[in-house]
Amino acid sequence: MASETARTQPKPTSRPDSRPTSERPAPVTPEPRYIGKSFRRVDGRAKVTGATLFADDLAFPRMCFMKLVRSTVPHGLIRNIDFSKAREVEGYLGSITGADTPVPFGILPVSQDEHALCPDKVRMVGDPVAAVAAVTEDAAVEAALAVEVEYQELATIASLEEALATPEPRIHDYPKEGGNVHKAVSMEFGQVEDALAGADLVLEDVFFYEGSTHLPMEQHAAVAVPEDIDRLTLYSSTQTPHYVHRALAKVLELPPSRIRVVACSNGGGFGGKSDPFNHEIAAAKMALLLGRPVKISLTREEVFYCHRGRHPVLMSMKTGFSKDGHILGQHLKTALDGGAYGSYGVASTYYTGALQTVTYKLPAYRFDGVRVFTNKAPCGPKRGHGTPQPRFGWEVQLDKAAEKLSMDPAKLRLQNLEEPGRTTANWLQIGTMGLRRCIEAVVEGSDWSTRYGNLPAGRGLGLACGSYLCGAGLPIYWNHMPQSGVQLLLDRSGSVAVYCGEAEIGQGSDSVLAAITAEVLGIELADIRLCVGDTGFTPVDLGSYSSRVTLMAGNAALEAAQRARALLAEAVCDLLEIAADHLVFADNRVFDSSDPENGMSFQEACVAAEAKFGTLSTVGSYIPPRSPGKYRGAGVGPSPTYSYTAAVIEIEVDSETGLYRPVHVWIAHDIGRSLNPVMVLGQVEGSVYMGLGEAMMEEQAYRRLPAKYSSSLVHKHPSMLEYKSPTFLDMPPVTSYLIEDPDPEGPYGAKEVGQGPLLPVMPALANAIFDAVGVRIDQVPIQPHMILRALAAKARGKAARFGPSSFPEIDFGEILHVPTPEQGGDGRSIDDYRHKLRSGMRSASGTMTTREEALEKHGKLTTD
Amino acid sequence: MLRLPPFHFHQPSTIEEALDVIAGGDPSIRLVAGGTDLWPNMKRRHQKAETVVSLMKIDELRKISEINGAGPDTGAGTGLSIGATTLLDDVVRSSEVQERFPALARATASISSPPLRNMATLGGNLCLDTRCTYYNQTEEWRRSIDYCLKEAGTVCWVAPGSSICWAHSASDSAPMLTALEARVVLRSQTGSREIPLTQLYANDGIHYLQIHPGEILTEIKIPAASGTGARGSRGARGARNGRGGIGSRGGIGGRDNCRTAFWKLRRRGSIDFAVLSVAVALWLADDGVVEKANVVLGSVASRPLEVPAAGEALTGHELDLDVIRVAALAARKAATPMDNTDFKTQWRGLMVERYTEAALCEAASIPHDRPPPPHA
Ligand SMILES: Cc1cc2nc3c(=O)[nH]c(=O)nc-3n(C[C@H](O)[C@H](O)[C@H](O)COP(=O)(O)OP(=O)(O)OC[C@H]3O[C@@H](n4cnc5c(N)ncnc54)[C@H](O)[C@@H]3O)c2cc1C
Ligand code: SF4
């Protein structure tokens with residue numbers, strides 16, 4: 001992939017060829033030393049030299065190895081497990097089964113439906129039924145293969161349609177929705193039917209978005225180290241050590257204070273390591289029973305079974321426009337194929353509706369969503385969590401609307417833009433909003449105005465936009481505590497230790513923490529030591545998910561560093577008689593801005609402060625602002641602020657084979673302020689890469705065998721060779737623009753970049769195909785045969801499209817009516833309390849219900 | 001990581017020693033060259049061995065040399081001999097191969113990825129196991145489908161009524177070398193035999209190789225008559241970088257009478273096996289009339305699939321788009337793409353026609369509409 005110099009303004013942001021110089025003149029008003037500069041990552045050297053220890057690199061005295069025995073049937077009851085042959089394998093140490101781990105767990109309080117080892121029933125090929133340990137990994141493999149399991153098979157469910165049509169057997173018994181429906185939601189903001197009735201143009205489309213997996217380079221691994229009786233440390237490749245900590249305490253039935261979870265450096269996560277996993281808990285249990293360290297390293301196939309990737313989603317989208325191109329209202333229906341477990345699925349379901357409103361003004365909006373269980377690996381959060389699917393539909397539909405209204409797709413979007421500071425119909429609070437500048441940048445960069453619609457046959461341009469959270473407004477379990485905490489420890493040596501529960505998964509969160517701290521204290525990155533992602537030693541941070549770490553841990557670090565600075569300042573001002581507002585921290589010194597000679601080294605300042613106050617430590621924490629939405633389900637969607645992205649893709653399509661290739665991508669991202677432009681560009685380009693994979697080829701596909709011979713239901717290709725993800729030969733050049741408009745909620749004005757830039761990529765590709773050959777592909781991944789089929793349909797005078805034909809009849813439950821801000825609503829649904837009693841959902845699923853239960857326990861009766 | 005099961009390992013330094021170890025034809029003894037096919041298969045346990053005999057310490061098997069008269073049917077001139085354990089990367093970089101058999105350089109450069117080409121051998125590529133998405137899976141995965149015909153099972157999941165296995169021949173050098181009418185030398189303790197490469201294969205996913213127990217493939221011979229003789233011909237360019245994704249084009253024959261091309265269809269620009277490869281070699285008379293034409297397809301049958309009907313459609317004609325289209329249609333009819341690899345089966349059938357057309361146009365230097373390959 002190449003970053004190209006664009007011919008036009010604004011200038012694309014390119015990677016600097018040399019790292020920042022280290023000679024700095026003593027500043028009077030200090031320039032930022034790191035913030036906004038492309039400084040080298042604090043973990044960069046260790047990563048490229050191989051010094052970084054990933055979980056699989058760890059070794060401990062007497063460490064043994066564990067393998068999981070996984071189900072070979074897609075749905076069934078465990079009848080017998082025979083270890084007799086396994087025991088004969090030389091080096092065999094022991095085994096455990098579901099009887100040893102009877103307590104269920106799950107990432108969401110409302111979906112505690114997983115077991116470390118299945119106690120009685122398996123729900124997919126790959127479900128763990130037993131674990132064996134041996135002195136070598138080879139012996140553990142042989143022993144696991146030698147375990148014989150007998151199952152009584154149950155009928156299987158392979159797809160969304162089958163799940164809706166098959167109430168029995170139920171994959172899980174607990175959801176109130178009944179049958180194999182995990183979750184159903186229905187909510188309306190404003191009067192959608194009226195809006196559609198008054199529209200000049202109503203478009204109704206059905207889209208399908210196939211599931212895909214994260215494919216991190218590093219396969220999950222964990223090492224459990226027992227310490228004494230009933231006490232242990234678990235090292236794991238996890239994005240969420242705090243949630244793993246909670247799950248371990250629950251299943252092992254130990255006080256959390258006896259358990260320490262350390263998140264090792266992750267070789268990529270993308271959402272695939274943000275659940276607590278069965279192998280982590282089973283290793284911990286095994287370690288406690290054997291009294292020796294236990295390591296488990298998953299194979300690539302097992303990672304495909306951990307999954308938690310993109311949900312396959314079938315969508316129906318009906319939107320009304322005025323003839324001058326204003327959006328009047330939308331009714332969106334989504335149906336998610338959740339796989340065998342809950343995971344984040346309840347949140348994912350809400351997310352397929354929640355962010356539909358934050359890019360363009362949508363005065364009336366109805367969202368119906370349903371998630372079903374199937375006998376496949378569970379889906380969950382993958383980069384963009386639940387939002388890329390409806391975003392794909394929305395941006396393709398806008399392209400269709402522009403065509404119908406004979407408007408330029410860029411202009412249609414620009415005239416409907418949501419405004420900064422507004423509250424959307426579904427009660428999300430918009431912060432700063434850089435989408436206009438994003439669209440302008442890519443339009444100019446791609447020479448859109450002259451080239452769109454005018455390229456030779458087979459060449460096309462497509463535009464699309466997107467938006468994403470900068471951290472979820474609410475934690476996963478309801479509580480009143482900070483979502484992120486940072487503690488600093490300073491001492492007379494002048495070194496600063498930063499403690500924070502965040503997990504570095506490659507996104508650069510360690511570097512952000514260090515840079516913010518160094519910037520505030522005027523010291524160098526090399527003077528800072530980090531201790532992160534360690535539940536035994538660091539303040540809680542909820543983890544690396546929902547694009548939250550830069551904003552939340554960054555704000556916590558800012559607060560802690562400012563407090564440390566204040567302590568040092570007080571001590572220095574006393575000694576040197578400098579007015580507090582004249583004090584500058586820069587260049588490893590603390591000095592008078594009007595008389596730079598009058599000052600002392602940072603280390604001397606630490607000595608002064610330690611002498612004055614005793615041992616030096618400060619803390620900072622972050623709690624997001626309350627969101628104005630108060631209705632059931634309002635917990636999913638709020639964020640301190642939102643990032644925005646626009647992209648244009650140029651494509652080349654061969655209309656005789658359907659083969660195509662993107663030739664260039666222009667992408668502009670509203671980052672608020674980039675703390676480190678090179679790291680931001682890495683996320684932007686990585687998102688383009690991942691987005692193209694989803695748009696062009698990635699498929700977490702399952703296959704059934706002919707029913708006459710077999711009841712198998714298996715992952716089609718759980719390997720990196722057969723699961724197709726682009727190589728860098730498949731990557732087109734990318735021109736990136738970073739749009740800066742500092743957001744008051746972000747540290748130094750920063751917003752997220754980990755997920756947002758992925759969102760416009762898939763629809764931009766589909767829209768480009770339309771410009772190139774005049775057919776619509778309403779599903780991803782877009783395969784060459786689909787283009788040929790659509791072209792053939794077009795030639796026969798039929799609809800020039802390939803995609804799903806219909807959306808099934810689904811009972812989404814009772815609608816929750818929520819008046820919009822424009823209607824004078826107060827953020828609540830009409831008759832909220834009675835509605836819940838009536839619908840029997842008073843204490844059923846949904847994060848907000850959990851929140852209410854928690855509040856009731858605290859003696860409050862209402863939800864505000 | 002998948003683990004290799006335990007086995008005994010031999011590394012003889014002479015062919016005789018190697019022949020001694022495998023002489024009895026014991027099926028639990030296997031040969032290995034680069035191991036890029038055998039090791040993954042043993043890790044997944046669909047190929048098993050108690051003893052593995054490596055050929056990589058036998059120096060005489062790793063060489064490229066000129067030979068006179070490569071075979072009884074192919075006349076005089078200087079052909080090429082390639083030792084069986086010559087690395088794919090050495091084949092790609094060989095100036096003799098690049099200049100005289102540019103399409104072979106291109107076909108070889110399209111195999112897997114650069115690191116694998118530094119391990120893999122040409123002999124190994126010719127003996128490569130047939131592939132199928134129900135077979136190239138882990139032991140646990142295959143347990144969950146109760147295996148299949150090719151291994152321990154009773155049903156072919158690709159064609160459940162079938163009594164034979166339809167796993168496809170996935171080698172890229174095999175169709176090209178077949179089109180070039182290469183011959184192979186097989187040695188055993190009792191002697192050596194030389195056969196046309198095409199006779200090495202059977203159209204059967206299980207018994208795809210006609211190698212006798214106790215034999216080693218030692219040498220691949222390409223006849224002089226299949227060379228282009230054109231120094232620095234166009235086709236050699238770009239072969240070295242090993243790119244070539246969907247639609248990578250093969251080398252173009254030079255001024256001499258044999259013109260060749262190789263097109264490979266796959267999902268990505270590297271790593272992927274072909275879902276279709278088209279190898280063509282055309283021999284023209286001075287007046288431009290086709291004297292002989294070989295069209296050989298890869299990945300659409302259990303062996304490199306020769307399409308005589310395509311050759312017949314071309315023979316006796318001057319090359320133009322019309323005859324090429326007839327030949328391409330014949331290729332499509334001969335191919336039996338099955339649902340055991342990437343992409344939709346029906347679309348792959350169509351692509352046999354499009355790609356054969358494109359490969360023939362290229363060999364004939366006729367302009368065509370197929371867009372340039374993404375990475376070539
Ligand atoms: C990720 C990946 C991608 C690949 N992509 C391609 C591709 O695009 N195209 C392609 O053609 N191949 C591809 N391959 C397959 C493989 O790498 C090549 O076919 C390679 O050339 C095999 O050679 P080798 O020396 O490594 O064979 P080995 O693995 O050593 O041997 C392969 C088989 O041949 C037998 N054998 C080897 N040498 C001899 C001999 N001299 N006599 C008798 N029997 C012998 C072995 O016993 C074994 O059964 C790919 C493999 C991988 C892992
Ligand atoms: S073609 Fe049939 S028998 Fe052969 S490997 Fe595939 S499933 Fe097995």
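**Notes on the two ligand sites and the strands around them**

1. Starting with ligand 2: its shell divides into 11 nonpolar residues, no polar ones and one charged residue. The shell takes residues with a heavy atom within 4 Å of the molecule. For the classes, Ala, Val, Leu, Ile, Met, Phe, Trp, Tyr, Cys and Pro are nonpolar, Asp, Glu, Lys and Arg are charged, and the others, Gly among them, are polar. Among the residues around ligand 2 are B:Cys132, B:Cys148, B:Cys156 and B:Cys165, and B:Lys150 is in the list too.

2. Ground rules before going on. This is a predicted model, in which local features need pLDDT of at least 70 and side-chain atom pairs count only at pLDDT 80 or more, while totals for chains, interfaces and linings use all residues. Residues are numbered from 1 along each chain as its sequence is written, chains are lettered from A and ligands numbered from 1 in the order in which they are written, and side-chain values use heavy atoms, with hydrogens and water left out.

3. Now ligand 1. It is surrounded by 31 residues, and the closest are B:Leu31, B:Ala33, B:Thr36, B:Thr121 and B:Asn125. The site is shared between chains, because residues from both A and B surround the ligand. By class, this shell holds 18 nonpolar, nine polar and four charged residues.

4. For anyone checking the pose, here are some distances to look at. An oxygen atom of ligand 1 sits 2.6 Å from a polar side-chain atom of B:Asn125. The side chain of B:Asp172 puts an N or O atom 2.7 Å from a nitrogen atom of the ligand. With B:Ile271 the backbone is involved: one of its N or O atoms lies 3.4 Å from a ligand nitrogen. The cut-off for a polar contact is a pair of N or O atoms within 3.5 Å; within protein, one must be able to donate a hydrogen and the other to accept it, and residues adjacent in sequence count only if both atoms are side-chain atoms.

5. How much of ligand 1 does the protein cover? The figure is 93% of the 970 Å² of accessible area that the ligand has on its own, with areas from the Shrake-Rupley method and a 1.4 Å probe; for residues, only the protein chains shown count as cover. Strand S2 (29-32), helix H7 (122-127) and strand S8 (216-222) of chain B are the elements that give two or more residues to the shell. H7(B) has the largest share, three residues. Helices (H or I, at least four residues) and strands (E, at least two) are DSSP runs, numbered from the N terminus.

6. Two of those elements are worth following into their pairings, where a pair needs at least two DSSP bridges between the strands. S2(B) runs parallel to S3(B) over four bridges, with B:Arg30 partnered by B:Val52. On S3(B), there is also strand S1 (residues 8-10) of chain B, parallel and joined by three bridges; here B:His10 stands opposite B:Val53. S3(B) itself (residues 51-54) is covered on both faces: B:Thr51 and B:Val53 on one side, B:Val52 and B:Ser54 on the other, are all buried. Buried means under 20% relative accessible area, exposed over 50%, and partly exposed in between (1.4 Å probe, protein chains only).

7. S8(B) is mostly covered as well, with seven of its seven residues buried. Its antiparallel partners include strand S5 (residues 78-83) of chain B, over four bridges, where B:Leu80 pairs with B:Ile222. Strand S6 (residues 183-188) of chain B is also antiparallel to S8(B), over five bridges, and B:Leu186 has B:Leu217 as its bridge partner.

8. Two glutamates to compare. A:Glu218 lies in the loop between strand S8 (201-209) and strand S9 (221-226) of chain A and counts as buried at 11% relative accessibility. A polar atom of its side chain is 2.8 Å from the backbone nitrogen of A:Gly267. B:Glu66, in strand S4 (residues 64-68) of chain B, is partly exposed at 46%.

9. Finally, chain A overall. It has 21 helices and 32 strands, and 66% of its 864 residues are buried. Its radius of gyration of 27 Å agrees with the value near 29 Å for a compact globule of 864 residues; this is taken over C-alpha atoms, and the globule rule is 2.2 Å times the number of residues to the power 0.38.
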